[in-house]
Amino acid sequence: MAPNLQAEANIACAGNAECRFDVAITGNLGMGKNSAIFVKDMEDAIQVGANSGVSCGFPNIREGSHSRLVQGTSFGVGDTLTFECFHEDKISTIPKRGDKVMRCGENGVWTGSPLECVVSCSRPLLTSSLVALRGNATTWEVGNQVVFYCTNSTVPISGNIKDRTAVCTDRGEWFGGGLECGLKRQTTTANTTATSATATTTSMAYRVSVHTIRHLFVMFFPFLYAWSNYRYY
């Protein structure tokens with residue numbers, strides 16, 4: 001710690017170890033003063049509880065609950081504590097169970113239980129208006145899955161075609177998905193029409209050929225018959 005900052009910290013912290021530590025780490029006198037105030041409030045709350053004979057103590061917050069205390073430093077009868085969802089990596093979280101506000105009862109027991117939150121994912125992004133989500137959920141927590149499908153008259157053309165799902169991870173991000181859909185191709189109908197037209201044309205040509213041969217035979221048969229008899233005479 002710089003000598004000038006150390007001198008200011010000695011005056012501001014008045015011997016408070018937590019205050020001096022925060023100033024040394026952050027170089028911020030204001031943060032050190034806040035730490036000193038918090039510690040003083042905690043000590044006062046403990047003393048009040050001891051004097052009254054009843055204290056609820058600090059509630060047992062489960063590790064990994066992704067919540068933090070935002071208001072309240074006293075644990076005596078009638079005191080309240082307020083919690084909110086919080087993730088140290090600034091990942092989105094939502095309440096899962098527990099209470100945002102707890103009150104210390106006359107029996108020295110907190111009413112309710114500490115707030116517990118879970119990682120959540122925002123609404124999955126769709127690749128186009130031809131893709132939709134199955135289900136009516138509005139929030140998704142870690143481990144939840146969503147299913148994509150193609151809207152009317154469209155079919156999958158690329159992306160996660162096989163299982164069409166995505167899962168919400170502990171980083172608050174979706175893994176999977178990316179389904180893309182497109183309009184159904186009309187090649188089958190076109191090919192069928194072309195094949196039918198070709199068959200019709202071939203059939204008509206065959207009928208014309210047979211008709212022509214019959215007509216020629218009728219016309220020339222008398223001459224052929226006469227010529228054949230003429231050869232034998």
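Which residue in β4 is the bridge partner of Leu 81? It's Met 102. Keep that pair in mind as we walk through this structure, which is a predicted model.

Let's stay with that pairing for a moment. Strand β2 covers residues 80-85, and it lines up with β4 in the antiparallel sense over three bridges. Strand β4 itself spans residues 101-104, and its side chains alternate. Met 102 and Cys 104 point to one face and are buried, while Val 101 and Arg 103 point to the other face and are not buried.

Now look at what else β4 pairs with. Two bridges join β4 to strand β5, residues 110-111, and those two run antiparallel. One of the partnerships here is Arg 103 with Thr 111 of β5. Together β4 and β5 make a hairpin, with five residues between them. In that turn sits Gly 108, which has a positive phi of about 80 degrees.

There's another sheet to find. Strands of a sheet pair through backbone hydrogen bonds, either parallel or antiparallel. In this case three strands form an open sheet in the order β3-β6-β8, with antiparallel pairing. The edges are β3 (93-97) and β8 (140-141), each of which pairs on one side only. Strand β6, residues 116-121, is joined to β8 by two bridges, and Ser 120 has Glu 141 in β8 as its bridge partner.

Next, head back to the start of the chain for a pair of helices. Two packed helices are described by the angle between their axes and the distance between the axes. The axes of α1 (residues 3-13) and α2 (residues 17-26) come within 9 Å and cross at roughly 150 degrees. An angle over 145 degrees counts as roughly antiparallel, so α1 is roughly antiparallel to α2. The crossing is right-handed. On the α1 side, the contact is made by Leu 5, Gln 6, Ala 9, Asn 10 and Cys 13, and on the α2 side by Cys 19, Arg 20 and Val 23. Sorted by character, the residues of this contact are five nonpolar, two polar and one charged.

Finally, a couple of loop residues are worth a look. Most residues other than glycine have a negative phi. His 66, though, has a positive phi near 55 degrees, and you'll find His 66 in the loop between α3 (29-52) and β1 (67-71). Lys 90 also has a positive phi, near 60 degrees, and belongs to the loop between β2 and β3. Is Lys 90 buried or exposed? Lys 90 counts as exposed because its relative accessibility is 80%, and the cut-off for exposed is over 50%.

Note on methods:
Residues are numbered from 1 along each chain as its sequence is written. This is a predicted model: local features need pLDDT of at least 70, side-chain atom pairs count only at pLDDT 80 or more; totals for chains, interfaces and linings use all residues. Side-chain values use heavy atoms; hydrogens and water are left out. Two strands pair if DSSP finds at least two bridges between them. Helices (H or I, at least four residues) and strands (E, at least two) are DSSP runs, numbered from the N terminus. Axes are lines fitted to C-alpha atoms, for helices over the stretch in contact, and angles run from 0 to 180 degrees between N-to-C directions. Angles under 35 degrees count as roughly parallel, over 145 as roughly antiparallel, 65 to 115 as roughly perpendicular and the rest as oblique. A crossing is left-handed if the near helix is turned anticlockwise from the far one by less than a right angle, and right-handed if clockwise. Contact means heavy atoms within 4.5 Å. Ala, Val, Leu, Ile, Met, Phe, Trp, Tyr, Cys and Pro count as nonpolar, Asp, Glu, Lys and Arg as charged, and the others, Gly among them, as polar. Buried means under 20% relative accessible area, exposed over 50%, partly exposed in between (1.4 Å probe, protein chains only).
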